[in-house]
Each structure stands twice: as structure tokens, then as C-alpha cells.
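Welcome, and please bring your viewer to the front. We will walk through this model one selection at a time.

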Amino acid sequence: MFYYLYVLIAESRALNLVRGLLVYLLVWFISTRLGLNGLSWLLGNAATLGAFALIVVFQPELRGALERIGRGRLQRQPLADAQLGELVRAVERLGALRYGALIAIERQTPLGEFAATGENLDARLSARLLESLFVNKTPLHDGGVILRGDRVLAAGCVFPLSERQEKYLGTRHKAAIGLSEVSDALVIVVSEERGTMRIAEGGRLSPPLQPVELRERIREELQASAANLSETGFRLWRPKEREG
Ligand SMILES: Nc1ncnc2c1ncn2[C@@H]1O[C@H](COP(=O)(O)OP(=O)(O)OP(=O)(O)O)[C@@H](O)[C@H]1O
């Protein structure tokens, strides 16, 4: 439990917070022992308010953690090999043509609330459809596409932005990471500037992937989540090695 707690903390902004809290508690403890009544009173009262402030500041992390715990047995129709081929072909072509793209593959966390921000399509997945959806100057190219099983659920969707501060990350990549922070979706992002293809999952962004790697990674992830689900009935959260 401590290990999992540590990984959960280390993976988020909470690590700095825990360090800060330890310093705070130490100063409070020392001031009480030394009889510095003013400082000790101030720190004691601030701690009560601080507990509420923490809930507000760390609302996204708390939401993510609760969501992970409550992830249930919503079994989705997995992507068949043929559809996976179509998806990878589309992503590869979008990269080659330098069209930016953002595609979320729904797993156990329902993405309905994000699909509702875009245009409902419920169309059969095909490479040509996916490519068309990201062509510049068309009404639906802005935003992300959501795949549910072998269907394109919606396009032009707004995903939550990650609060990561890295300057090299543009909004498309932050939206990919953001959605993967609050759900178990696999999010593929194609850079318009560089034509690179990456996957965001569990709040982490992969390095640029080759088409073969992309296909394997998606296949592995989808198989792993299906196996995990059938073994236990619930999708267990497993910490992963950090990437990059
Ligand atoms: N919250 C969001 N949800 C979905 N899509 C978004 C969101 N924010 C931005 N986008 C998409 O990202 C596009 C802007 O990408 P931007 O150039 O800022 O990001 P980037 O990560 O640098 O990507 P690129 O490498 O493709 O330039 C927008 O036109 C929009 O299509």
C-alpha cells in the first residue's frame, strides 16, 4: 500500500506538496517545542484552512484517483485487427501529410461527457474517414476524435488540458495528456509541426513512435486491459516505468 501510495504521489504534482507538508510539520513541531507561541498558533490555525485549500487545489488528482478506484467492468467491444490496421494507416498518413490529429480510444472509462462537446457521429471506423476528419479548414478538424470499439463516436471534441508546465508541449499534446490523466483512454496525438505520432496513457506521453511500434503498443494496451478486466472484474491500476 505504501509503495502504491508513493508511486501515485511521485507521478503527480503531489510530491512537492508532500515535501512542503513535511517542512511545515517540522517547523510547527519545533516552534511548539521551543515555546514560540505566536508561530505555533499561526501554523496550527493555517493547517485547518490548508486542508480545505488542498482539496480545491488537488481536485483533478483526487478526481483521477477516485475514478481509478471506481473503474468498473464496462466491457467494450475491442478493436479488431482490421480496424486497428485502418486506425494506424490513418495516423501514419496524417503524420506524413502533417495534419495534426488527436484520437482517443475509449476503454473502461466512459468518454461520453467529452463526446458531448463535439459532433456525434457513430460511424464505422475507416482510415479514409479518420483522415478526412482532420483535414484543415473543415468544420470538424478542430479538437479530438473519440473511438468506441470499432465506431467513431464523435469528432471535434474538447479534451481537458493537462496542467503540466513543459514549454515544449503545445495544447494538442496537453489535451492528449489531460484526457489520459482523468481516464484510462489511450490517446494518439499527431503533431502538425513535426508529423510525429505519440500515445498518451495514464498521464504520460510516449516518445515519437514508428507505425509498427504504434500498432504494437495499441494492441498490447488493449489486450492488457481486456485481460486485466477478465481476470479480476476490475481494471487494476498498475504503476509503470516512467518514459523519456
Ligand atoms: N482542449 C483541447 N481538446 C481537443 N483539441 C484541442 C484542445 N486544445 C487544442 N486542441 C487542438 O490542438 C490544436 C492546436 O494545437 P497546437 O499547435 O497548439 O498544439 P501542439 O501540441 O503544438 O500540436 P502540433 O505539434 O500539432 O502543432 C487546435 O487547433 C485543436 O485542434
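A word on burial before the first click: a residue is buried if 20 or more other C-beta atoms lie within 10 Å of its own, exposed if 12 or fewer, and partly exposed in between, with C-beta atoms placed from the backbone. This is a predicted model, in which local features need pLDDT of at least 70 and side-chain atom pairs count only at pLDDT 80 or more, while totals for chains, interfaces and linings use all residues. Residues are numbered from 1 along each chain as its sequence is written.

**Stop 1: a glycine in a helix.** Select Gly-178, which lies in helix α8 (helices are DSSP runs of H or I with at least four residues, strands are runs of E with at least two, and both are numbered from the N terminus). Is Gly-178 buried or exposed? Gly-178 has 21 C-beta neighbours inside 10 Å, so it counts as buried. Leaving out residues up to four places away in sequence, Gly-178 touches Phe-159, Pro-160, Leu-161 and Ser-162; contact here means C-beta atoms, placed from the backbone, within 7 Å.

**Stop 2: the ligand.** Keep helix α8 (residues 171-182) highlighted and show the ligand: this helix gives the largest share of the surrounding shell, 4 residues. In total 17 residues surround the ligand, and the closest are Gly-100, Gly-170, Arg-172, Ser-191 and Glu-192. A residue is near the ligand if its C-beta atom, placed from the backbone, lies within 6 Å of it. Colour the shell by type and you should find 5 nonpolar, 7 polar and 5 charged residues. In this scheme Ala, Val, Leu, Ile, Met, Phe, Trp, Tyr, Cys and Pro are nonpolar, Asp, Glu, Lys and Arg are charged, and the others, Gly among them, are polar.

**Stop 3: the sheet.** Switch to cartoon view and follow the 7 strands of an open, mixed sheet, in the order β2-β4-β3-β1-β5-β6-β7. Two strands pair if DSSP finds at least two bridges between them. Strands β2 (119-124) and β7 (204-205) stand at the edges with a single partner strand each, so one side of each has no neighbour in the sheet. Strand β2 pairs with β4 in the antiparallel sense over 4 bridges, and Ala-123 stands opposite Val-152 in β4. How many of the 6 residues of β2 are buried? The number is 0, so β2 lies largely in the open. Moving inward, 4 bridges join the antiparallel strands β3 (residues 144-148) and β4 (residues 151-157), with Gly-144 opposite Cys-157.

**Stop 4: two backbone angles.** Most residues other than glycine have a negative phi. Select Asp-122 in strand β2, where phi is positive, near 45°; with 10 C-beta neighbours inside 10 Å, Asp-122 counts as exposed. Then select Arg-98, in the loop between α5 (81-96) and β1 (101-105). Arg-98 has a positive phi of about 60° and counts as partly exposed, with 13 C-beta neighbours inside 10 Å.

**Stop 5: the core.** The largest nonpolar core has 43 residues, and Val-91, Ile-146 and Val-187 have the most contacts inside it. Such a core is a set of buried Ala, Val, Leu, Ile, Met, Phe, Trp, Tyr and Cys residues joined through C-beta atoms within 7 Å. Centre on Ile-146: among the residues it touches are Leu-111, Phe-114 and Leu-153.

**Stop 6: the domains.** Zoom out and colour domain 1 (2-69) and domain 2 (81-232), whose bounds come from an automatic or database domain assignment. Their C-alpha centres lie 35 Å apart, and 5 residues of domain 1 are in contact with 4 residues of domain 2. On the domain 1 side, the touching residues divide into 1 nonpolar, 1 polar and 3 charged.

Conventions: Contact = placed C-beta atoms within 7 Å.
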